[in-house]
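Here's a walk through the model, meant to be read with the viewer open. Let's begin with a charged cluster and work outwards from there.

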Amino acid sequence: MSETRIAAPPAAPARRSLPVAARLAVAGTIAATAVVCYLFLFIQGSFDFAFERRLTVIGTMAVVAFAHAVGTVVFQTITHNRILTPSIMGFDAVYILMQTLLVAFFGGSVLAATDGMPKLLTQTLLMVCFTMLLFRWLFSGRGGSIHVMLLVGVVLGLAFRSVSDFLQRMLSPSEYDVLSTRLFGRLTSAEASYLPLAAAVCLIAGAVVWYRCHRLDALLLGRDAATNLGIDHKRELTVMLLVVSLLIAMSTALAGPMTFFGFVTAMLAYQMTGTHRHAAVLPMAFFIGVITLVGGQFVLEHVFYASGMLTVVIEFLGGAVFLLHLLRKGTL
């Protein structure tokens, strides 16, 4: 009796994924399309007035997307943790405390009266100084650690928020109403005169980060491996923390705090590129940030007619994604 052999089914062809360059090209094309659509579609009334306003909004969104995307990716690299974001250092809490102190001691009208380049520079400088003083204090001794710095940043952030909440409860309803408008991201009301300075800061910070892409790749391997590869770990950590501090501080002073936006852009960038190389992850994160902000603003304005709700929607959805990701991962 001859043995019957059943032919095995042909193996399914392996799915070929797009190369990283093609993925970046697709993301860049989508981002550019979103920008063009927002600038030129559904203009009613004066074209010059609408185009100038939309151009300012696009510039603000580009700065915010770049600052949060690049800052979060770099921060997660130096902390070796995909959950942490720069807001963990207390940037949002410092910004909220400064705004609350102004209203508590000088009244609600002081917010509008002090708007200008000096206030923007002062807020940015104070937030950067807070981070660098914290860094120098915790790393001046032999037992300094990035984890200790993160823990102290969380504790100080909670303390600042507690002081802000206490002072806000003492404000009159009208003053609190004026203050509350400054405690959320405001992408459509930033001053156009601030954008050249913010863009220059982003370009300089971006050039520094891009020049150090290979060093950031080495930092992913850990302190010992990076040191063996000739990387001055402490110096690179200092430079990167300064860059992250400057980017997030400028973005927060320009458009208000956004807690989960950077986390979402960084997480999607790693998933979309499928690589850890910063030369691919950083531009992908920026493109995703532009698509999220510009595309979201376009949909809200022309589909739901709710132009002022974008940051609230992003923070709500970003917080939900953060919790789901944390529960699925099960650890920090």
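## A charged cluster around one glutamate

Arg235 is partly exposed, with a relative accessible area of 45%. Keep in mind that this is a predicted model. Arg235 pairs with Glu236 in a salt bridge, and the closest N and O atoms there are 3.9 Å apart. Glu236 itself lies in helix α11 and, at 2% relative accessibility, counts as buried. In general, side chains of opposite charge can pair when their charged atoms come close.

So what else does Glu236 pair with? Arg212 is one partner, with the closest N and O atoms 2.9 Å apart. That pair ties together distant parts of the chain: Glu236 sits in α11, while Arg212 is in the loop between α8 (195-211) and α9 (213-219), 24 residues apart. Both Glu236 and Arg212 are buried.

Arg215 also forms a salt bridge with Glu236, again with a closest N to O distance of 2.9 Å. This one links distant parts of the chain too, running from Arg215 in helix α9 to Glu236 in helix α11, 21 residues apart. At 23% relative accessibility, Arg215 counts as partly exposed, because the buried class is kept for values under 20%.

The salt-bridge count comes to three, and Arg212, Arg215, Arg235 and Glu236 are linked in a network of them. If you leave aside neighbours within four places in sequence, Glu236 is in contact with Arg212, Arg215, Leu219 and Ile231.

## The helix that carries it

How many of the residues of α11 are buried? The answer is 17 of 23, so the helix is largely enclosed by the rest of the structure. From its first C-alpha to its last, α11 reaches 33 Å, close to the 33 Å expected at 1.5 Å a residue. Just after α11 comes Gly256, which takes a positive phi of about 90 degrees.

When you look down a helix like this, remember some basic geometry. An α-helix has 3.6 residues a turn, so residues three or four places apart point the same way.

## The nonpolar cores

Now for the greasy parts. In soluble globular proteins, nonpolar side chains tend to be buried together. Here the largest nonpolar core has 63 residues, and Val74, Met127 and Leu247 touch the most other members. Helix α11 (residues 233-255) gives the largest share of this core, 11 residues.

Which residues does Val74 reach, leaving aside its neighbours within four places in sequence? Val74 is in contact with Val209, Leu216, Met240, Val244 and Leu282. Apart from the largest core lies another one, of 21 residues, including Tyr38, Val64, Ala65 and Ala255.

## The overall layout

Zooming out, the protein chain has 14 helices and zero strands. Reading from the N terminus, the elements therefore run as α after α, with nothing else in between in the element list. Buried residues make up 48% of the 332 residues in the chain.

How are the contacts spread along the sequence? Among those with a separation of 6 or more, 77% are between residues 24 or more positions apart. The accessible surface of the chain comes to about 17,300 Å², and 68% of that belongs to carbon and sulfur atoms.

## Towards the C-terminal helices

Helix α13 (residues 278-304) has 27 residues and reaches 36 Å from its first C-alpha to its last, close to the 39 Å expected at 1.5 Å a residue. Tyr305, just after α13, takes a positive phi of about 55 degrees.

Helix α14 (residues 310-329) is where you'll find Val313. Is Val313 buried or exposed? With a relative accessible area of 31%, Val313 is partly exposed, since that class runs between the 20% and 50% limits. Val313 is also part of a nonpolar surface patch of about 400 Å², made together with Met309, Phe316 and Leu317.

How values were computed: Residues are numbered from 1 along each chain as its sequence is written. This is a predicted model: local features need pLDDT of at least 70, side-chain atom pairs count only at pLDDT 80 or more; totals for chains, interfaces and linings use all residues. Side-chain values use heavy atoms; hydrogens and water are left out. Helices (H or I, at least four residues) and strands (E, at least two) are DSSP runs, numbered from the N terminus. The expected span of a helix is 1.5 Å times one less than its number of residues. Buried means under 20% relative accessible area, exposed over 50%, partly exposed in between (1.4 Å probe, protein chains only). Contact means heavy atoms within 4.5 Å. Accessible areas come from the Shrake-Rupley method with a 1.4 Å probe; for residues, only the protein chains shown count as cover. Patches are made of residues with over 30% relative accessible area and no salt bridge: like charges are joined within 9 Å, nonpolar side chains (Val, Leu, Ile, Met, Phe, Trp, Tyr) within 5 Å. A salt bridge is a side-chain nitrogen of Lys or Arg within 4 Å of a carboxyl oxygen of Asp or Glu. A nonpolar core is a set of buried Ala, Val, Leu, Ile, Met, Phe, Trp, Tyr and Cys residues joined through side-chain atoms within 4.5 Å.
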